[in-house]
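Biologist: Please take one part of this protein and look at it closely. I would like to hear about the second largest pocket, and then about the packing elsewhere in the chain.

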Amino acid sequence: MNYQRFFEDAINQLHAERRYRVFANLERIVGAFPRALWHSHNGTQEITVWCSNDYLGMGQHPDVVAAFQKTAGTMGSGAGGTRNISGTNSPLVDLEHELADLHGKESALVFTSGFISNEASISTIARLLPNCLILSDELNHASMIEGVRRSGAEKKIFRHNDVAHLESLLQAAGRERAKLIVFESVYSMDGDIAPIAQIADLAKKYNAMTYIDEVHAVGMYGQRGGGITEREGLADRIDIIEGTLAKAFGTLGGYISGPSAVIDAVRSYAPGFIFTTALPPALAAAAATAIRHLKTSQVERDGQKRQAARTKEVLSAARLPVMPSETHIVPILVGNPELCKMATDRLLGVHGIYIQPINYPTVPRGTERLRITPTPFHTDELIDTLRDALVETWDALGIPYDTGDKPMVAESDRIVPLLVPQSGG
């Protein structure tokens with residue numbers, strides 16, 4: 001048997017579907033964000049990054065960098081093992097206290113990534129609940145889907161942000177059955193927001209637990225950066241709030257926060273936590289520094305909000321197909337995987353602008369897009385340059401401009417994205 005052929009066929013399939021991904025070799029420049037160096041076969045070139053999840057530029061904040069360097073200098077580069085063996089360290093303990101305080105919860109637990117925090121926590125919580133039924137929004141992130149799958153629990157998928165559909169599923173399950181509702185606050189590909197208060201109402205009415213993913217919202221929203229749940233005064237109505245340290249906080253890792261008993265149970269039963277080396281102390285110190293800073297500083301959030309709004313206005317005025325977004329995420333519809341890849345290649349090669357193409361399975365087929373994430377450091381001049389580059393690219397490749405016919409459907413008095421069935425989970 002030619003084993004290698006199966007892997008070659010799998011890669012060839014991606015090429016045939018125009019979904020094969022190529023990573024750009026980038027070198028971030030502290031103090032010059034969003035500028036970076038692009039290393040390619042043609043040499044090294046300075047470019048502008050327009051798709052970073054370092055939404056507030058905290059990855060280059062002097063205090064965050066200094067905390068990382070100081071802690072690495074005094075405690076070394078690694079954690080030394082899993083938390084159960086020798087990996088628990090003071091900066092990590094302090095970080096968990098900061099996170100619990102951020103969300104007004106009794107306790108918090110840090111994982112090595114946001115993916116692992118969702119996968120390990122959802123699967124463990126659902127396994128520990130007898131005969132648990134998981135109710136999952138159909139546009140939930142892959143990490144949440146994997147957590148649902150690994151739990152082995154029965155699942156029901158409710159239509160995206162459709163509280164009427166969710167209620168029908170809850171009603172059918174009955175009040176006495178254990179139920180876990182898992183959903184996100186900000187959906188990162190469309191930039192829309194969940195009806196959190198209505199979901200919390202249903203959870204109370206039908207006696208269900210709630211688990212919310214705030215990875216694209218922590219640091220970004222709320223008076224102290226606690227996310228959409230803080231902004232809307234709903235954190236105390238959600239059982240488990242999950243987040244990441246790798247986006248607005250500019251470092252690495254994921255976490256959950258909630259009641260002490262739940263957090264302790266996940267700590268004690270989740271293989272994804274028990275058997276994983278702990279987050280290094282330097283990263284923990286840097287993350288805690290970023291969180292403390294954003295608990296009191298509005299400068300970064302205000303600047304990012306302004307630049308995101310201006311980006312939407314400028315690109316929309318140029319008739320570029322900016323998809324509706326309630327948040328800091330600016331999606332631009334291309335609608336074709338090959339054109340999407342060609343557009344990003346041209347933007348990088350011709351204009352020195354880096355934006356990764358977003359294709360299936362991350363988004364439904366036919367809704368391929370560019371996902372732009374303005375930061376406080378994307379100046380008005382950079383926004384104008386982006387507009388000009390996009391217009392030139394659209395003209396060169398023949399990509400349709402905004403005609404008013406976007407892939408959206410009306411539902412009651414609001415606009416929502418076309419739905420796609422949730423795969424797996």
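Modeller: This is a predicted model, and the second largest pocket in it has a volume of about 550 Å³. Its lining is made up of 18 residues. Those nearest the centre of the pocket are Cys51, Ser52, Asn53, Tyr354 and Gln356. Two elements, β1 (25–28) and β15 (357–358), give two or more residues to the lining. Sorted by type, the lining holds 11 nonpolar, 4 polar and 3 charged residues.

Now the packing elsewhere. The largest nonpolar core contains 57 residues. Leu95, Leu99, Ile181, Phe183 and Leu245 have the most contacts inside this core. Among the elements that each supply at least two of its residues are α3 (90–103), β4 (107–111), β7 (179–184) and α11 (281–296). The largest share, 8 residues, is from α11. Leu245 shows what such contacts look like: leaving out residues up to four places away in sequence, Leu245 touches eleven residues, including Leu95, Leu99, Val110, Tyr255 and Ile291. A second core, separate from this one, has 32 residues, and Ala36, Val314, Ala343 and Trp394 are among them.

A serine makes a useful last case. Ser123 sits in helix α4, which covers residues 114–128. Ser123 counts as buried because its relative accessibility is 5%, and the cut-off for buried is under 20%. Apart from neighbours within four places in sequence, Ser123 is in contact with Asn118, Gly147, Arg150 and Ser151.

How values were computed: Residues numbered from 1 in each chain as written. Predicted model: local features only at pLDDT ≥ 70, side-chain atom pairs only at ≥ 80, totals over all residues. Heavy atoms only, no water. 1 Å grid on protein atoms, 1.4 Å probe; cavity = no way out; pocket = protein on both sides within 12 Å on 5 of 7 lines; lining within 4 Å. Points joined across faces, edges and corners; volume = space filled by probe spheres on them. Helix = DSSP H or I, 4+ residues; strand = E, 2+ residues; numbered from the N terminus. Nonpolar A, V, L, I, M, F, W, Y, C, P; charged D, E, K, R; others polar. Buried < 20%, exposed > 50% of the residue type's maximum accessible area, 1.4 Å probe, protein only. Contact = heavy atoms within 4.5 Å. Core = buried A, V, L, I, M, F, W, Y, C linked by side-chain atoms within 4.5 Å.
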